[in-house]
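Here are two short exercises on ligand surroundings, each with a worked solution. Take a look at the model first, then work through the steps.

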Amino acid sequence: MAVYVVTGGAGFIGSNFVRWVVSNTDHRVVVLDKLTYAGHKASLAGLPENRVSLVVGDVCDAELVDKLVADADVVVHFAAESHNDNSLNDPWPFVSTNLIGTYTLLEAVRRHGKRYHHISTDEVYGDLELDDPERFSESTPYNPSSPYSSTKAGSDLLVRAWVRSFGVQATLSNCSNNYGPYQHVEKFIPRQITNLIDGIRPKLYGAGLNVRDWIHVDDHNAAVETIITKGAIGETYLIGADGEQNNKSVVELILTLMGHQADDYEHVNDRPGHDLRYAIDASKLREELGWTPQYTSFRDGLAATIDWYRANEDWWRPMKAATEAKYAKTGQ
Ligand code: NAD
Ligand code: DAU
């Protein structure tokens, strides 16, 4: 039994990670989450109180972080400002949480000699051409495009420096686009599912040809636990499940699965600086640590996700109107 401090554990991937840890290990989890617009107590509903507790606070709060890290065995750092569109409207929370928050945690794990795992994104590598035969690997140079991805890239570099300079016991992972339950309705897949439930046509940025490499959130989280238990200190592992799809085909599949005509969507304003394509080569994780994804059918995983949003309107309804009002301002 170990004590995990999970930052951002009330967000999309973090709350699914907490559920995964409770189901698959005997660890106790302390969630540290600021409960921003993206964090929800409801995402942790039903979890056993003797296994999971929630501390509402900021990862930039050095005193609080020090206290929690002192009592932890492992710190898993999910907390971040995570949405590219928001980072274009107001970059400051991204600089604060993603950079200063990571610095604050690193200083605490350094003081207390604790194991640290850093959750990051494939976006740190920039984007690929649609016809590029290469995919991102651990040796791809960093080339982030947005305020979001540049602050994540900066946070990764802080972790690498703290490993090399101070001997911090850290691993890093950079994952592709996740889908599954408890994802905020600002994000692409939940936005289109909840739009259709509300009788609104799905919205495709630009021509819809941008490619993302989809992975189910449980596959991401199983990989994270694999890296925590088997990964080599100081190493980076890319996480992906060979799930490349362009946005147009994802929208068409959502429409079909929800009983609509596949072309019943609309094109809206494109995202400034919109990354064209992400694609992950996860050979290192598969070959060195033996991880394999369990969700091999995107269609089945998406159908289950649609069912989840249909059954859990109480969870997403409170955030829907404000999210669409925000998009209306940018014509998206
Ligand atoms: P999310 O926006 O759904 O959740 C973020 C959580 O962090 C929320 O609960 C929020 O309240 C909390 N948080 C924000 N600022 C905080 C602060 N200052 N102090 C404490 N808590 C704070 O994000 P997500 O999609 O679950 O992403 C989680 C992590 O995974 C991020 O680090 C992100 O960069 C990374 N990631 C996401 C994806 C993806 O597809 N969503 C893919 C790869 C990596
Ligand atoms: O690649 C990993 C990243 O994936 C994570 O680091 C980020 O935290 C996560 O938000 C996600 O970033 P994206 O920008 O790729 O995800 P988003 O859901 O915002 O958009 C996915 C694609 O869909 C992108 O090409 C933009 C497009 N899009 C998005 C929305 C919200 C649309 O066409 N229409 C929409 O309404």
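**Exercise 1: the shell around ligand 1**

In this predicted model, 28 residues surround ligand 1, and the closest are I13, D33, S82, Y148 and K152. Find which elements supply at least two residues each to this shell, and describe the polar contacts of ligand 1 with K34, T36 and D58.

*Solution*

1. Start with the elements: α1 (12–24), β5 (115–121) and α5 (147–166) each give at least two residues. The largest share, three residues, belongs to β5.
2. Sort the shell by residue class: 12 are nonpolar, 12 polar and four charged.
3. Now check N and O pairs against the 3.5 Å cut-off. A nitrogen atom of ligand 1 lies 3.0 Å from a polar backbone atom of K34, and an oxygen atom of ligand 1 is 3.1 Å from a backbone N or O atom of T36. With D58 the partner is a side-chain N or O atom, 2.9 Å from a nitrogen atom of ligand 1.
4. Finish with the cover: the protein hides 97% of the 830 Å² of accessible area that ligand 1 has on its own.

**Exercise 2: the shell around ligand 2**

Which side chains place an N or O atom 3.0 Å, 2.6 Å and 2.8 Å from an oxygen atom of ligand 2?

*Solution*

1. List the neighbours: 25 residues surround ligand 2, with T121, D122, Y148, R271 and H274 the closest.
2. Match the distances: N84 is at 3.0 Å, Y148 at 2.6 Å and R191 at 2.8 Å.
3. Add the cover: the protein covers 94% of the 690 Å² of accessible area that ligand 2 has on its own.
4. Classify the shell: seven residues are nonpolar, 10 polar and eight charged.

Note on methods: Residues numbered from 1 in each chain as written. Chains lettered and ligands numbered in written order. Predicted model: local features only at pLDDT ≥ 70, side-chain atom pairs only at ≥ 80, totals over all residues. Heavy atoms only, no water. Near = heavy atom within 4 Å. Polar contact = N/O pair within 3.5 Å; in protein donor to acceptor, adjacent residues only side chain to side chain. Areas by Shrake-Rupley, 256 points an atom, 1.4 Å probe, with all protein chains shown as cover. Nonpolar A, V, L, I, M, F, W, Y, C, P; charged D, E, K, R; others polar. Helix = DSSP H or I, 4+ residues; strand = E, 2+ residues; numbered from the N terminus.
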